[in-house]
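Trainee: Hi, do you have a moment to go through this one with me?
Mentor: Sure, pull it up and ask away.

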Amino acid sequence: MVDDYQLNNLKSVDDTPAISKAGAHIEYEEESLTPSIKSKDAYSDNISGEKKGFFTEFIDSFREFQMEELDPNLTELEKAQAIAARSPLQRSLKQRHIRMIAIGGCVGTGLFVGSGAALSSGGPASLIICYFIVGTMIFSTVQALGELVVAFPVAGGFLSLNSKFVSPLWGFCMAWNYFLQWVIVLPIELVAASMTVRYWNHEINAAAWVAIFYSLIVFINLFGAKGYGEAEFIFSFIKVVAVIGFVLFGIIVNCGGGPHGHYIGGEYWKNPGAFNRGFKGFCSVFVTAAFSFSGTELVGLTSAETANPRKTLPSATKQVFWRITLFYMTSLTIVGLLVPYNDNELLNGSENSGSASPFVLAIKRAGVSGLPSVMNVVIVLAVISVGNAAVYACSRTIASLGDQGFAPKIFGYVDRNGRPAVGMLISLTVGLLCFLAATPKEDVIFAWLMALSGLSSVFTWGTICFSHLRFRQALRYHNRTTEELSFVAMTGIWGSIWGVVLNVLILIAEFWVSLFPTNKADANNFFKNYLNAVVLVAVLIFYLVWKKFKVTWLIPVGEIDIVTGRRFVDLDLLKQEIAEEKAFISSKPWYYKVYKFWC
């Protein structure tokens, strides 16, 4: 363990304790990478310089990246942290990629379709109130996440940090929990995409569409992080433009500018009303809202593949404010004004079908032809985007499981192009479940598959906030301050406290709504919605048995390692840079200051 003297006097790489010199240090300049990670020539065994053919290079690119041996005297936890810190994942994600991922990444059926179920369950007022409350928690969570991953830009992101700040026991549970969350998403989203296509054609077998979408996602992921980044940049841009267009369209229609020329205003808030099903309806929307934000934390998983985390990630975490404001609050306010919660299509549409989307229904009710098809195209692209993100998230999670010793070592296999090849293979193999779309029992099968990961995001967000609180505790214990951090969460520790509390309340609300969907208990409904918590307990018991009950439930604050994986710079130089940046911003007009604060 690093003693207080080392922690208090650490300023440069040369001052780094032995544990960090084992390979846990990360240093990089603006948009630059070490040759061994950036250049393909560094991977080549062709020392003679003989040029290889495209096919040969392609095959060779999947060969394992060889890393130096670790110090055998390190503990298992220290080895895992060192491996995460010096991961060979390519740092090919640029600022424009990360910004668009933060704004529009993973926005799919949860918003465009799932919000319809929320509207019909609780009414427009519940929709806005619940999404606002959950939005404040998400903003606080991502701020805490930004602080952690900027300070520790390691492979596995927050998954590795759970073991560092809480305990390997909880890190094991959360890593497998996150794996379950994303490994199921790919087949489900592909099936949702095929069902959305049925809006135009019911004759073509769903398996045909699934095959096309699956092939597209495989192709994108062959290009590694850069392929994911470019695809998400395009998908997110389309989603942003579409939502902005929908908001403008909605305002015009609400004010009487539609084909019918009828002023709507707040008519549907009076009849059928602002709320539906009372407090239980409110709680059901509360739970749905939480699930709609799933994937927002994905930006924190990109830290090990971001060219310059210090400048890119802080900006990206601020973009989440606009994600919440534009995609959720503004668009859902328009939806609540244009679609009554008792609309027959809203109540009867399939939960995975674009026909049940309140966005599509709002346009159809306005009487504008052609636009519903445009919105459905956006929904299809959004669903494919989430499926693409699922492969990225799942493969990196699998690699983190292997690196931390939570799964067979082969899971951590990273090829010469920086792709977690085994993780991608596992994710894409499970993704073949999407072809169950051709079976008549697809709804039942996927309902139970979703149950395996239904609460994953809630546990993930709560753990991120708790890890942030533990990190701040460790800083205080070692007499260090946030002045040494390149990015400090705007919401501070109170935001993380709020995040932990609200996630606990969501779990309680989900328990009640799942067990008592009506006035009588429903065991089948309960397990469909709460099975993930049962699985999490089973994973915890497995770890206890595996370690013969010799585990640390919570790492003492004094033993938390705040050195390994840190991107250390000269603290005096860092403070000077921050002061210069503040002085520069202070010299600018007020609108520039506002821009820099939120962007």
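**A chat about the model**

Mentor: Let's start with tryptophan 498, which counts as partly exposed because its relative accessible area is 33%. Keep in mind that this is a predicted model.

Trainee: Okay, which helix does tryptophan 498 lie in?
Mentor: Tryptophan 498 belongs to helix 23, which covers residues 492-515.

Trainee: And what makes up the nonpolar surface patch of about 670 Å²?
Mentor: Trp498 is one of its members, together with Trp494, Ile497, Val501, Val504, Leu505 and Ile508.

Trainee: Let me zoom out. How many helices and strands are there in the protein?
Mentor: The secondary structure comes to 26 helices and zero strands. Buried residues make up 58% of the 599 residues.

Trainee: How much accessible surface does the protein have?
Mentor: About 24900 Å², and 64% of that belongs to carbon and sulfur atoms.

Trainee: What about contacts along the chain, what share joins residues at least 24 apart?
Mentor: That share is 82%, taken among contacts between residues at least 6 apart in sequence.

Trainee: Since it's a prediction, what is the mean pLDDT?
Mentor: The mean is 80, and 81% of the residues reach 70 or more.

Trainee: Where is confidence lowest, and where is it highest?
Mentor: Helix 2, residues 18-21, has the lowest mean at 36, while helix 22, residues 456-477, has the highest at 93. The pLDDT is below 50 over residues 1-48. That stretch still has 108 contacts in the model beyond near neighbours in sequence.

Trainee: How should the coordinates be read where pLDDT is low?
Mentor: Where pLDDT is low, predicted coordinates should not be read in detail.

Trainee: Fair enough. On to the inside: how many residues does the largest nonpolar core have?
Mentor: It has 142 residues, and Phe112, Tyr131 and Ile138 are those with the most contacts inside it. Helix 19, residues 371-403, gives the largest share of this core, with 16 residues.

Trainee: And what does phenylalanine 112 touch?
Mentor: Leaving out residues up to four places away in sequence, phenylalanine 112 touches Val107, Lys239, Val243, Ser357, Pro358, Phe359, Val378, Ile379 and Ala382. There is also a second, separate core of 13 residues, which includes Val154, Leu161, Phe471 and Ile555.

Trainee: Leu161 is in helix 9, right where I was looking. Why is helix 9 largely enclosed by the rest of the structure?
Mentor: Helix 9 spans residues 158-165, and eight of its eight residues are buried, so the rest of the structure largely encloses it. Besides Leu161, the buried residues are Phe158, Leu159, Ser160, Asn162, Ser163, Lys164 and Phe165.

Trainee: I also had asparagine 177 marked. Is it buried or exposed?
Mentor: Asparagine 177 counts as buried, because its relative accessibility is 2%. Its place is in helix 10, residues 168-183.

Trainee: Which residues does asparagine 177 touch?
Mentor: Ser456, Phe459, Thr460, Asn532 and Leu536, if you don't count residues up to four places away in sequence.

Trainee: New topic: how many salt bridges are there?
Mentor: The count comes to six. One of them joins the side chains of glutamate 230 and arginine 96, at 2.6 Å from N to O. This pair links distant parts of the chain, 134 residues apart, with glutamate 230 in helix 13 and arginine 96 in helix 6.

Trainee: What is the relative accessibility of glutamate 230?
Mentor: It is 25%, so glutamate 230 counts as partly exposed. Arginine 96 counts as partly exposed too, at 36%.

Trainee: What does aspartate 343 pair with?
Mentor: Aspartate 343 meets arginine 365 in a salt bridge of 2.7 Å, N to O. Aspartate 343 lies in the loop between helix 16 and helix 17 and arginine 365 in helix 18, so the pair ties together parts 22 residues apart in sequence. Aspartate 343 counts as buried at 10% relative accessibility, whereas arginine 365 is partly exposed at 34%.

Trainee: And lysine 364, which residue does its side chain meet?
Mentor: Lysine 364 forms a salt bridge with glutamate 345, at 3.0 Å from N to O. Lysine 364 is in helix 18 and glutamate 345 in helix 17, so this pair ties together parts that are 19 residues apart in sequence.

Terms used. Residues numbered from 1 in each chain as written. Heavy atoms only, no water. Helix = DSSP H or I, 4+ residues; strand = E, 2+ residues; numbered from the N terminus. Buried < 20%, exposed > 50% of the residue type's maximum accessible area, 1.4 Å probe, protein only. Contact = heavy atoms within 4.5 Å. Core = buried A, V, L, I, M, F, W, Y, C linked by side-chain atoms within 4.5 Å. pLDDT = per-residue confidence, 0-100. Salt bridge = Lys/Arg side-chain N within 4 Å of Asp/Glu carboxyl O. Patch = residues over 30% accessible without salt bridge, like charges linked within 9 Å, V, L, I, M, F, W, Y side chains within 5 Å. Areas by Shrake-Rupley, 256 points an atom, 1.4 Å probe, with all protein chains shown as cover.
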